[in-house]
Amino acid sequence: MWRIEESSFFGSKFKRYQKDHRSETLATLNNFDTYFKALQSVSKPVLVRAGFIHPEKNGVIAIDESGMGGKPHKTRFYIYASEDDQVVHLITIGDKNSQNQDLADCRSFMKNLKRSE
Amino acid sequence: MAYNSVSEMVKNLVEDKEFQAEFERELANKKLAKTLFAMRCAQGITQSEIALRMNCTQGRISKLENSGIDGIRVGDLVLYAKALNLQTSIGFETDIKTVDRVKYHAFQIKKHLDQLADLAHQDDQIFYGVLKFYKEYLFNTLELFKKSFDKLTKKVKMERPVLEICTPTGEENNLFIKNANK
């Protein structure tokens, strides 16, 4: 049974983003829920494939807000599904403007995670 | 902080109750579409592959897997399931009590076991296969029943006597019931 764990900096960033971009956060969370539910029925996380899932470096994946109408603010929800202990790590959330910093945070998170294993 | 579901995570991270409620409504509305998506992923099939099997476009599959309950037709479900080599069953229920539901499933199990028994008489090999299944089924069912019974009685602290006397008349069973009722 997979479960979800948040990084130390995820909560504050998420709360800020949710207040600034309510609809996009709602749509991204909905896509994340779809991903998480599908994860429970597959043998490997890589089998969960959809247009809203974007593979990044080091096994990190970004989930976007696609599926909502109108002209959304491009949103990326960065996660890492650790197959060994069946944990989805919530790393960070951001938009196009914060993409470089978000990816740097992901790199740093993954480095620490690998070190602790 | 660890969560078992995205709903749990949202409830913990978002203070805005209206946001929480809107998220729950969205999940309920897309429950069926999410199930379709999970079933396809479980078989390791891409949207393009299932589209080919259903003789439609990949875009249509994408739309179907992101539809609310109003956007999915029964015909779509049947075709989608067929493309995954699955059978579609639709159930209708009145607001029945849990005990009636247990009885209903018990009768359904009896019906399916009878079907197996009928099938078993066609051939010796099938007969022994079905017989093996019946034994496994009985064992597994008793195990499940035991787990459930343990859950039921876990709050009742049974005082075990130092000397236990078992009578052939089954009086110890009556004693057990009396203790459990205390």
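What share of the contacts in chain A with a separation of 6 or more is accounted for by residues 24 or more positions apart? In this predicted model, such residues make up 54% of those contacts, and the legends below take up the views one by one.

**View 1. Chain A as a whole, with its 3 helices and 5 strands.**
Followed from the N terminus, the elements of chain A come in the order β-α-α-β-β-β-β-α. The C-alpha trace of chain A spans about 40 × 30 × 20 Å along its principal axes. A compact globule of 117 residues would have a radius of gyration near 13 Å, and the value of 14 Å for chain A agrees with this. Of these 117 residues, 40% count as buried.

**View 2. The open sheet of 6 strands, to which both chains contribute.**
The order of the strands is β2(A)-β3(A)-β4(A)-β5(A)-β1(A)-β1(B), and the pairing is mixed. At the edges stand β2 of chain A, residues 53-55, and β1 of chain B, each with a single partner strand, so that one side of each is left without a neighbour in the sheet. Strands of a sheet pair through backbone hydrogen bonds, and they do this in either a parallel or an antiparallel sense.

**View 3. Strand β1(A) between its two neighbours, β5(A) and β1(B).**
With β5(A), which covers residues 87-95, β1(A) pairs in the parallel sense over 4 bridges, and Arg3(A) stands opposite Val87(A) in β5(A). Helix α1(A) packs on the sheet, where it touches β1 and β5 of chain A, and the direction of this helix makes about 45° with that of β5(A). With β1(B), by contrast, β1(A) pairs in the antiparallel sense over 2 bridges, and here Glu5(A) stands opposite Ala2(B).

**View 4. Strand β4(A), enclosed and paired with β3(A) and β5(A).**
Strand β4(A) runs over residues 75-82, and 6 of its 8 residues are buried, so β4(A) is largely enclosed by the rest of the structure. The strand β3(A), residues 60-63, is joined to β4(A) by 4 bridges in an antiparallel arrangement, in which Ile61(A) stands opposite Ile79(A). The pairing of β4(A) with β5(A) is also antiparallel and extends over 8 bridges, one pair of bridge partners being Ser82(A) and Val87(A).

**View 5. The turn of the hairpin formed by β4(A) and β5(A).**
Between the two strands of this hairpin there are 4 residues. Gln86(A), which lies in the loop between β4 and β5 of chain A, has a phi near 50°, a positive value in a residue other than glycine. Most residues other than glycine have a negative phi. Is Gln86(A) buried or partly exposed? With 13 other C-beta atoms within 10 Å, Gln86(A) is partly exposed.

**View 6. The loop of chain B that holds Asn55(B).**
This loop lies between α4, residues 47-54, and α5, residues 58-64, of chain B. Phi of Asn55(B) is near 60°, again a positive value in a residue other than glycine. Asn55(B) is exposed, with 8 other C-beta atoms within 10 Å.

**View 7. The contact between chain A and chain B, with 26 residues from chain A and 24 residues from chain B.**
On the side of chain A that touches chain B, at least two residues are supplied by each of β1, α1 and α2 of chain A. Which element of chain A gives the most to this side? It is α2(A), with 10 residues. By type, the residues on the side of chain A that touches chain B divide into 11 nonpolar, 7 polar and 8 charged.

**View 8. Helix α1(B) and the elements of both chains that its buried residues pack against.**
In this helix, which covers residues 6-13 of chain B, Val6(B), Met9(B) and Val10(B) are buried. They lie on the same side of α1(B), because they cover an arc of only 100° around the axis. The buried residues of α1(B) pack against β1 and α2 of chain A, and also against β1 and α2 of chain B.

Conventions: Residues are numbered from 1 along each chain as its sequence is written. Chains are lettered from A and ligands numbered from 1 in the order in which they are written. This is a predicted model: local features need pLDDT of at least 70, side-chain atom pairs count only at pLDDT 80 or more; totals for chains, interfaces and linings use all residues. The radius of gyration is taken over C-alpha atoms; the globule rule is 2.2 Å times the number of residues to the power 0.38. A residue is buried if 20 or more other C-beta atoms lie within 10 Å of its own, exposed if 12 or fewer, and partly exposed in between; C-beta atoms are placed from the backbone. Two residues are in contact if their C-beta atoms, placed from the backbone, lie within 7 Å. The arc is that of the directions from the helix axis to the C-beta atoms. Ala, Val, Leu, Ile, Met, Phe, Trp, Tyr, Cys and Pro count as nonpolar, Asp, Glu, Lys and Arg as charged, and the others, Gly among them, as polar. Two strands pair if DSSP finds at least two bridges between them. Axes are lines fitted to C-alpha atoms, for helices over the stretch in contact, and angles run from 0 to 180 degrees between N-to-C directions.
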